[in-house]
Amino acid sequence: MASESRPIVIVTGANGGVGYGICQRLLIQLTSQIPSDSLPQDFEDASLSGRPQKYTGLTLIMACRSVSRAQKARTELLQFFDSHIQKIQSTAEYDGHAEEFKKNLSIEVEYVDLASIKTVLEFAKRVNQKYPYISHLMCNAGLASFSGLDPKLLLHQLFTDPKGAVTTPLYYSQHSGELSIDGLGWVWQCNVFSHFAMFRELQPSLSRSPNGPARVIWCSSIEASPKFYSSDDWQLRSTEHSYESSKYQIDLISTTLDRLALSSSSSSPNASNSAITRHFISQPGVCHTNVAHALVGPFLDFCKLMVFYFVRLLGSTQHPISPIKSAIASVHLALVPLTYLTFFSDAKTPPVRYGAESDRWGTERVGISPVRAWLANEEEGRRLVAKCDELLDKLKREEERGPVFETASEKM
């Protein structure tokens, strides 16, 4: 593997929330010759051979639905980066690397709307033609279709499980039956399928990654749960818990794709190692964003933030709170040498998710948790990948034929 690298990284939903935090953290980390997020964590075997790469530049692609908001975020990101460089330049240990890195930094904005498969296909085609390769795809963008807050459930969870009430809340009501313009489950398409389609369509660029296997980092959630998921409702049209179910599907699909890639690599030992693409699951812990702001209002949103800090002070490790801290797991998976991740990539080892954690004083770190009910749902993961592939092929054929006036069917 080359000692120097200029990654080309796509971050979906990069104009706000955790996506913007990922962009901020990447820039800060890459101003160091040895980024701290590239070093092994406590649960990884530091005795293994693996040397962090020196990053001499970066192309960061902010893939967003609103170009205007993305352009504004890009301007703010560059200002943030300049302020960071000015800050570290005044330190005694500054080595000049940040300025050299900045010379080879490019931040691009690309339009994509995950609720429209047409824009996903157009985005992938444009990226495949415009950039020489893609080294990292951060599948971060996502949404929840909240409809309201159930006061009775809120009070019940506060009294029976106060920590859970501010970590994995059960009192937010969600819409069901919402469809995208493609006739697919809306939350499912935005959170799961469009990212799957993006990965498949970007495989030519991912396979050209010059410094070892490209990486796809799927952003799951601490709320991902098999409890509400039904394989009969795989597009999540009927469930009243589409958010938790969509994030659980991400766990299954990512794990399945990674194991298929490793299996393909081992069965073709003469194939180029760069030709495969690795898949990993990150989750940001509890992060304060504006997702529920419109639902609860500014006062309750502020109260919720204060409760987050209080719970963290009491010892919760699941509350990084700020987006830049919540981005640590995703950025670690992007930068750490693959050597340190091999233990959790064995087909005989239960799969894990890499999560953002924090101590009571706000110092962030990476932790791991199992993919829940993997043994019971391993076959479901394979079925989901097959269904997504079949549906993607069908939708691509329809796009090639031109407009059609029938609803895309779930009957595969």
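Is F159 buried or exposed? In this predicted model, F159 turns out to be exposed, with a relative accessible area of 71%. That puts F159 well past the 50% cut-off used for calling a residue exposed. The residue sits in helix α5, which covers residues 151-160. F159 also has company out there: together with L155 and L158 it makes up a nonpolar patch on the surface. The accessible area of these three side by side adds up to about 340 Å².

Turning to the aromatic rings, a search of the whole structure comes up with seven aromatic pairs. One of them joins W188 and F193, and this pair is stacked. The two ring centres are 5.1 Å apart, with just 10° between the planes. Both partners are tucked away from the surface, as W188 and F193 are each buried.

Y229 and Y248 pair up too, but here the planes stand at 55° and the centres are 6.5 Å apart, so the pair counts as tilted. As for where these two tyrosines sit, Y229 belongs to the loop that runs between β9 (214-219) and α9 (242-267), while Y248 is part of helix α9 itself. The pair therefore ties together parts of the chain that are 19 residues apart in sequence. Y229 is buried, and Y248 is buried as well.

Not every ring contact stops at two residues. F146, Y171 and Y172 are linked by ring pairs into a cluster.

Notes
Residues are numbered from 1 along each chain as its sequence is written. This is a predicted model: local features need pLDDT of at least 70, side-chain atom pairs count only at pLDDT 80 or more; totals for chains, interfaces and linings use all residues. Side-chain values use heavy atoms; hydrogens and water are left out. Rings of Phe, Tyr and Trp (its six-membered ring) pair if their centres lie within 6.5 Å; planes under 30 degrees apart count as stacked, over 60 as edge-to-face and the rest as tilted. Buried means under 20% relative accessible area, exposed over 50%, partly exposed in between (1.4 Å probe, protein chains only). Helices (H or I, at least four residues) and strands (E, at least two) are DSSP runs, numbered from the N terminus. Patches are made of residues with over 30% relative accessible area and no salt bridge: like charges are joined within 9 Å, nonpolar side chains (Val, Leu, Ile, Met, Phe, Trp, Tyr) within 5 Å. Accessible areas come from the Shrake-Rupley method with a 1.4 Å probe; for residues, only the protein chains shown count as cover. A salt bridge is a side-chain nitrogen of Lys or Arg within 4 Å of a carboxyl oxygen of Asp or Glu.
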